[in-house]
Amino acid sequence: YREFREAAARNFDCDPGQVVPTGGGLEAIRLAIGTHLAPGERALVPAPSFGEYAREVRLQGGEPVFVPGATILDADTSDAALAIVCNPNNPTGRGYERAALEAFARRCRESDTTLLVDEAFLSFTERPSLAGREGIVVARSLTKLYGLPGLRAGYAVATGESLDRLS
């Protein structure tokens, strides 16, 4: 899917080799959770938010730890294998400031916690993507942004070991 990867990379200023095409944004989320969370491990999950996060964590045998969406960037990541952020959040619409997201991503890296950022609605804002940053898996969907109901198209963007796992 070379052309797809190149087009996605142009939109988000990352390397085409960092793009993993998926059958929709949910598949990108499912793939990230399935490759970064082992049975018994904990995942920080924003609440309220997209209900599929907790479902996918449970399907992997993991434990969802619900954190209020307004304070998730302040959460303790030391006991979590995965932290999930929806930016902007669905259903509240809350968006996070870039500096706060980057600080949270640094804390996640320091505690060896993978950060999954669902950016399905980010392109409806002026906020920049975190795609292509170390320690972060970004999930994107084309369905909402391009008005493609029924077409399951999305992708994940990652680097290093996370990219190897997704691939």
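In this predicted model, the residues that line the largest pocket divide into 2 nonpolar, 7 polar and 6 charged. That pocket has a volume of about 310 Å³, and of the 15 residues that line the largest pocket, those closest to its centre are Asp-112, Thr-113, Thr-114, Glu-161 and Ser-162. Two elements, helix 4 (98–110) and helix 5 (160–166), give two or more residues to the lining of the largest pocket, and the largest share, 4 residues, comes from helix 5.

The second largest pocket holds about 160 Å³ of space, and among the 15 residues that line it, Leu-26, Phe-50, Asp-118, Ala-120 and Lys-144 are the closest to its centre. At least two residues of its lining are supplied by helix 2 (25–36), and at least two by strand 6 (136–141). The classes of residue in the two linings can be set side by side.

| Pocket | Nonpolar | Polar | Charged |
|---|---|---|---|
| Largest pocket | 2 residues | 7 residues | 6 residues |
| Second largest pocket | 8 residues | 3 residues | 4 residues |

The sheet comes next. Its 7 strands form an open sheet in the order 1-7-6-5-4-2-3, with mixed pairing. Strand 1 (19–22) and strand 3 (63–68) stand at the edges, and each has a single partner strand, so one side of each is left without a neighbour in the sheet. From one strand to the next, the twist averages 20 degrees. Strands of a sheet pair through backbone hydrogen bonds, and they do this either parallel or antiparallel. Strand 2 (residues 42–47) and strand 3 pair in the parallel sense, over 6 bridges, and Arg-42 has Glu-63 in strand 3 as its bridge partner.

Helices pack on this sheet as well. Helix 1 (residues 2–12) touches strand 1, strand 6 and strand 7 (154–157), and the direction of helix 1 makes about 120 degrees with that of strand 1. Helix 4 also packs on the sheet, where it touches strand 4 (82–86), strand 5 (114–118) and strand 6, and the direction of helix 4 makes about 165 degrees with that of strand 4.

Two residues close to the centre of the largest pocket, Asp-112 and Thr-114, can be looked at in turn. Thr-114 lies in strand 5, and because its relative accessible area is 14%, under the 20% that marks the limit for buried residues, Thr-114 counts as buried. Apart from neighbours within four places in sequence, Thr-114 is in contact with His-36, Ala-81, Leu-82, Ala-83, Gly-135, Val-137 and Ser-162. Asp-112, by contrast, lies in the loop between helix 4 and strand 5, and its relative accessibility of 69% is the reason that Asp-112 counts as exposed, the cut-off for that class being over 50%.

The backbone also has some features to note. Most residues other than glycine have a negative phi, and most peptide bonds are trans. Asp-112 has a positive phi of about 60 degrees although it is not a glycine. A cis peptide bond joins Ala-47 and Pro-48, with omega about -5 degrees, and Pro-48 is found in the loop between strand 2 and helix 3 (52–59). The peptide bond from Asn-90 to Pro-91 is also cis, with omega near 25 degrees, and Pro-91 lies in the loop between strand 4 and helix 4.

Notes:
Residues numbered from 1 in each chain as written. Predicted model: local features only at pLDDT ≥ 70, side-chain atom pairs only at ≥ 80, totals over all residues. Heavy atoms only, no water. 1 Å grid on protein atoms, 1.4 Å probe; cavity = no way out; pocket = protein on both sides within 12 Å on 5 of 7 lines; lining within 4 Å. Points joined across faces, edges and corners; volume = space filled by probe spheres on them. Nonpolar A, V, L, I, M, F, W, Y, C, P; charged D, E, K, R; others polar. Pairing = 2+ DSSP bridges. Axes fitted to C-alpha atoms, helices over the stretch in contact; angles between N-to-C directions. Contact = heavy atoms within 4.5 Å. Buried < 20%, exposed > 50% of the residue type's maximum accessible area, 1.4 Å probe, protein only.
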